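Reader: I'd like to take a close look at one part of this model and work outward from there. Please pick a spot, and tell me what surrounds it and how the rest of the chain fits in.

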Amino acid sequence: MSGNRPGLHHAAGTPIEPRNLNRHFYPIRERLGLDVRFHDLRHTCVTLLLGLGIPPHIVGHSALDVTMNIYADADMTEKRAALDKPGDLLSGE
């Protein structure tokens, strides 16, 4: 990572101590004026990746039902598009 600040860069695959993560995340969050928990970023990431067409078994949790039922959020545009599909099929569009 840029800046070479202690605690922010780790070797690939090395676990990050949760307290260190929180110590850096929350000041950044406040500075940006965000009202979001760190765990909320997981929901956002899963939703974005699924929206890009990445298969659910690649995107998230080892149990697909957890990924799809807990972490994947659909926006209203996606829901409307999904609900339009059966009507389009039946009307021959």
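Author: Let's start at Ile70, which sits in helix H4, the stretch made of residues 64–71. Please keep in mind that this is a predicted model. With a relative accessible area of 48%, Ile70 is partly exposed, a value that stays below the 50% mark beyond which a residue counts as exposed. Setting aside residues up to four places away in sequence, Ile70 touches His43 and Asp65. Val46 is also worth a look from here: 24 residues separate Ile70 and Val46 along the sequence, while their C-alpha atoms are 9.9 Å apart in space.

Val46 also gives us a way across to Ile58, a residue of helix H3, which covers residues 56–59. Ile58 and Val46 are 12 residues apart along the chain, and 10.0 Å lies between their C-alpha atoms. Ile58 counts as exposed because its relative accessibility is 56%.

Before going further, here is the overall frame. The protein has five helices and zero strands, so read from the N terminus the elements run α-α-α-α-α. Of the 93 residues in the protein, 13% are buried. The accessible surface comes to about 7600 Å², and carbon and sulfur atoms hold 60% of that area. As for the contacts between residues at least 6 apart in sequence, 28% join residues at least 24 apart.

Now to the aromatic side chains. How many aromatic pairs does the structure hold? There are two aromatic pairs. One of them joins Phe25 and Tyr26 in an edge-to-face arrangement, with 5.0 Å from centre to centre and 80 degrees between the planes. Phe25 counts as buried because its relative accessibility is 13%, whereas Tyr26, at 26%, counts as partly exposed. Phe25 also pairs with Phe38, again edge-to-face, with the centres 5.1 Å apart and the planes at 85 degrees. This pair links distant parts of the chain: Phe25 belongs to helix H1 (residues 18–32), and Phe38 lies in the loop between H1 and helix H2 (40–51), 13 residues apart. At 35% relative accessibility, Phe38 counts as partly exposed. Taken together, Phe25, Tyr26 and Phe38 make up one aromatic cluster.

Helix H1 has other things to show you. Arg29 lies in this helix, and here is a point a computational chemist may enjoy. Arg29 is buried yet has no salt bridge, and Glu30, the nearest side chain of opposite charge, is 4.4 Å away. Why does Arg29 not form a salt bridge with Glu30? The reason is a matter of distance: a salt bridge needs the nitrogen within 4 Å of a carboxyl oxygen, and the 4.4 Å from Arg29 to Glu30 does not meet that cut-off. Apart from its neighbours within four places in sequence, Arg29 is in contact with Leu34 and Val36.

Leu34 then leads us to the surface, where Ile28, Leu32 and Leu34 make a nonpolar patch of about 270 Å². One member of this patch, Leu32, is found in helix H1. Leu32 counts as exposed because its relative accessibility is 59%.

Finally, let's turn to charge. Side chains of opposite charge can pair when their charged atoms come close. A search of the whole structure finds one salt bridge. Which residue does Arg37 bridge to, and at what distance between the closest N and O atoms? The partner is Asp40, and those atoms are 2.6 Å apart. Both residues fall in the partly exposed class: Arg37 has a relative accessible area of 48%, and Asp40 has 22%. Asp40 therefore sits above the 20% limit under which a residue counts as buried.

To recap the walk: we began with Ile70 in helix H4, went by way of Val46 to Ile58 in helix H3, moved on to the aromatic cluster of Phe25, Tyr26 and Phe38, then to buried Arg29 and the nonpolar patch, and ended at the salt bridge between Arg37 and Asp40.

Methods
Residues numbered from 1 in each chain as written. Predicted model: local features only at pLDDT ≥ 70, side-chain atom pairs only at ≥ 80, totals over all residues. Heavy atoms only, no water. Phe/Tyr/Trp six-rings, centres within 6.5 Å; stacked < 30°, edge-to-face > 60°. Buried < 20%, exposed > 50% of the residue type's maximum accessible area, 1.4 Å probe, protein only. Helix = DSSP H or I, 4+ residues; strand = E, 2+ residues; numbered from the N terminus. Patch = residues over 30% accessible without salt bridge, like charges linked within 9 Å, V, L, I, M, F, W, Y side chains within 5 Å. Areas by Shrake-Rupley, 256 points an atom, 1.4 Å probe, with all protein chains shown as cover. Contact = heavy atoms within 4.5 Å. Lys, Arg positive; Asp, Glu negative; His and termini not counted.
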